[in-house]
Amino acid sequence: MSSYRVLAVVLLSACATTGALGIDPQPSSRGRVDLVPPAAEETAQVIPQAIAPQLPSADRLARTIDARLGERASVDVRLCVTPAGKLASAKLERSSSLASFDDAVLADVAKWQFAAQPGPATLQTCEITTIVYRPHR
């Protein structure tokens, strides 16, 4: 089963219970964060689900993001996660065209926690994920 199929399965199961992956169901002044599979036709996720992903650094740039990128900003990031749910690495694969937003996403993603998975501690699961940010209006 391809890594993209595993990503889509997890995303679809999360969406079935919360409406969308990575969205805080409580209203807040934070922007909205979505993790999107790289290809809609794929049905599986390789990396574990992010636990309460937030982009506080992007929130501080919300007005700039809205003015330069509009109501939706996105980047593709290669995430590598350990079985313990720790981020091993994050690399920008596609820029948003706003360097300060790209840097903010990478800084915030470095603090994310992911669901633990069984496996040896030396194992890393890597996948390219689209991170979508919508500034709070």
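I will go through helix H4 and then strand E3 with its two partner strands. Keep in mind that this is a predicted model.

Start with H4, which spans residues 99-109. Its buried residues are Phe 101, Asp 102, Ala 104, Val 105, Asp 108 and Val 109. Around the helix axis they cover an arc of only 160°, so they sit on the same side of H4. On the other side of the helix, Ala 99 and Asp 103 are exposed. Note that Asp 102 is on the list of buried residues, while Asp 103 is exposed. By buried I mean under 20% relative accessible area, and by exposed over 50%.

What covers the buried residues of H4? The cover includes two helices, H2 at 56-60 and H3 at 62-69, together with strands E3 at 73-81, E4 at 87-94 and E6 at 125-134.

Now to E3, one of the strands in that cover. Of its 9 residues, 8 are buried, which means that E3 is largely enclosed by the rest of the structure.

E3 pairs with E6 in the antiparallel sense, and there are 9 bridges between them. As a reference point for that pairing, Cys 80 stands opposite Cys 126 in E6.

E3 also runs antiparallel to E4, and 6 bridges join these two. Here the pair to look at is Arg 78, which stands opposite Lys 91 in E4. The connection between E3 and E4 is a hairpin, with 5 residues between the strands. In that turn, Gly 85 has a positive phi of about 90°.

To recap, H4 has its buried residues on the same side, and E3, which helps to cover them, is antiparallel to both E6 and E4.

Definitions and conventions
Residues numbered from 1 in each chain as written. Predicted model: local features only at pLDDT ≥ 70, side-chain atom pairs only at ≥ 80, totals over all residues. Heavy atoms only, no water. Buried < 20%, exposed > 50% of the residue type's maximum accessible area, 1.4 Å probe, protein only. Helix = DSSP H or I, 4+ residues; strand = E, 2+ residues; numbered from the N terminus. Arc of directions from axis to C-beta. Contact = heavy atoms within 4.5 Å. Pairing = 2+ DSSP bridges.
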